[in-house]
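Biologist: I have a new model open and would like some help reading its features. Could we go through them together, one at a time?

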Amino acid sequence: MRSFRGWFAALLLVSLAWGGGSKAFAQELDWTHFGVRPLGMGNAFVAVADDYNALFYNPAGLARLKTWDMDLLVPKLEVSTTTIDTVNSALEFAGGESGDFLKVLELLEDFTGKTNYASLGFTPNFIMKNFGIGASLMLKTQFVVHREISLDIDAGPELIMPVAVAFNFLEDRLSIGGGLKIVAKGGIDQNFSINDIEAFASEEDEADETPEDPANPEENVKLEDFFIGGVGVGTDFGILFTPIKTMEPTLGISITDFGGTPYKKFDVEGEALGAPATRLPSVNPGLSLKPWTSGKQYLLTAIDAHSVNQPQHYSKKFNLGVEWGYSHIIKVQTGLHQGELTAGFQFDVKLLYIRFATYAEQLGTYAGQDDNLRDRRYALQLKLLL
């Protein structure tokens, strides 16, 4: 832990080399695991739900599957434009002359207030008609350097593991599904001030020399005090209703974390950690339509409004998507997610598939609030073996 604490303190000290600026680091509208294909089509998927993503967006879709499928090794890598630029600038700086203080200031100025984001995840799953089980395991790092001498950081592993069943009614026009899921989260989600930095640096230098002072607990702050970790069990429900077969107009509604999914905090090495905030219930309506089909080709459109019961600004809830496909082999998507264009494609042949999407998260209170709060991301997913 000491080496990590030293690295973290160094990172924070570097981030404080520049003063001033805004402190906006709003929460994402992160109500479930977001799949690459849905993100490509604007994240409008509640009324589509025709692949393993139904486990996360709308379990009712499992009742409409035609065959079974299984994925074991499906790594997913995401990175933001800011992170790519940060890495390139850092490499360029490292290759230049050392000790150039002006270049350090320029580098910090360029990325102050912007979100750096990267994640690595896996989504193994098994689905068949009426049943599915899967998991989304993601290790992410997200941080923002602020000019008023602080840093927001959200980093650590997250797990969502659902198991769901679904059935058809009314001559397969109505599908109803539900399931249980295990959720787990650990790591750091905190704003660190200059006082925290000084405390970490002081502890690193004096940990083996100065005993803790019980009379002044604020002076005994440790980095591990900011760690959170917890496990919870939640429920999801969903419906799909297609009144006619012509163009397949479909209404979909899902309720995730029905009633709220609280985390029960867990211990690491015998030390109690704080629990993450309860996952709030999210009501997500959507509509989909297939206005055109010709042989193996089709055009699919969808519109969603996510988390309509939560207090976030409506501009962050709207999603619109379009997908053109040729059988299951090639799919091309585009759409609008939080007012930003998305795009994606999928190539699927037997034991190999490639999925790619680009989208943007609006991290401000409302979409378009600040260019620094617009986080353009790229997601790539590969299937290996199964």
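Biologist: Let's start with D375. Is D375 buried or exposed?

Modeller: Buried means a relative accessible area under 20%. D375 has a relative accessible area of 1%, so D375 is buried. Keep in mind as we go that this is a predicted model.

Biologist: Which residue forms a salt bridge with D375?

Modeller: Side chains of opposite charge can pair when their charged atoms come close. Here the partner is R377, and the closest N and O atoms of the two residues are 2.6 Å apart. R377 counts as buried too, because its relative accessibility is 1%.

Biologist: How many salt bridges does a search of the whole structure find?

Modeller: The search gives 15. Some of them share partners, and in this way R37, D50, D51 and E323 are joined into one network.

Biologist: I'd like to look at R37 in that network. What is the distance between the closest N and O atoms in its salt bridge with D51?

Modeller: For D51 and R37 that distance is 2.9 Å. The pair links distant parts of the chain: R37 belongs to helix α2 (36-40), D51 to the loop between α2 and α3 (54-57), and 14 residues separate them. D51 and R37 are both buried.

Biologist: And where does E323 lie?

Modeller: E323 also pairs with R37 in a salt bridge, with 2.8 Å between the closest N and O atoms. E323 is in strand β16 while R37 is in helix α2, so this pair ties together parts that are 286 residues apart in sequence. Both E323 and R37 are buried.

Biologist: Let's move to polar side chains. Which residue shares a polar contact with the side chain of S136?

Modeller: It is H33, whose side chain is joined to that of S136 by a polar contact of 2.9 Å. S136 is part of strand β6 (residues 136-146), and S136 is buried because its relative accessible area is 7%. Leaving aside residues up to four places away in sequence, S136 touches H33, F56, F122, T123, E158, L159 and I160.

Biologist: Now backbone angles. Which residue in the loop between β16 (318-326) and β17 (330-337) should I check?

Modeller: Look at S327, which sits in that loop. S327 has a positive phi of about 55° although it is not a glycine. With a relative accessible area of 28%, S327 is partly exposed.

Modeller: Then compare Q338, in the loop between β17 and β18 (340-349). Its phi is also positive, near 55°, and Q338 is not a glycine either. Q338 counts as buried, because its relative accessibility is 2%.

Biologist: What about the outside of the protein: which residues make the nonpolar surface patch?

Modeller: The patch of about 900 Å² is made by V165, F167, F169, L170, I176, F241, L251, L287, I303, F318 and L320. Strand β7 (150-169) gives the most, with three residues, and β7 and β16 each supply at least two. Take L287 as one of the members: L287 lies in strand β14 (residues 282-294), and L287 is partly exposed at a relative accessible area of 46%.

Biologist: Last one, on confidence. What is the mean pLDDT of the protein?

Modeller: The mean pLDDT is 84, and 77% of the residues reach 70 or more. Over residues 1-25 the pLDDT is below 50, though this stretch has 58 contacts in the model beyond near neighbours in sequence.

Technical notes:
Residues are numbered from 1 along each chain as its sequence is written. This is a predicted model: local features need pLDDT of at least 70, side-chain atom pairs count only at pLDDT 80 or more; totals for chains, interfaces and linings use all residues. Side-chain values use heavy atoms; hydrogens and water are left out. Helices (H or I, at least four residues) and strands (E, at least two) are DSSP runs, numbered from the N terminus. Buried means under 20% relative accessible area, exposed over 50%, partly exposed in between (1.4 Å probe, protein chains only). A polar contact is a pair of N or O atoms within 3.5 Å; within protein, one must be able to donate a hydrogen and the other to accept it, and residues adjacent in sequence count only if both atoms are side-chain atoms. Contact means heavy atoms within 4.5 Å. Patches are made of residues with over 30% relative accessible area and no salt bridge: like charges are joined within 9 Å, nonpolar side chains (Val, Leu, Ile, Met, Phe, Trp, Tyr) within 5 Å. Accessible areas come from the Shrake-Rupley method with a 1.4 Å probe; for residues, only the protein chains shown count as cover. A salt bridge is a side-chain nitrogen of Lys or Arg within 4 Å of a carboxyl oxygen of Asp or Glu. pLDDT is the predictor's confidence in each residue, from 0 to 100.
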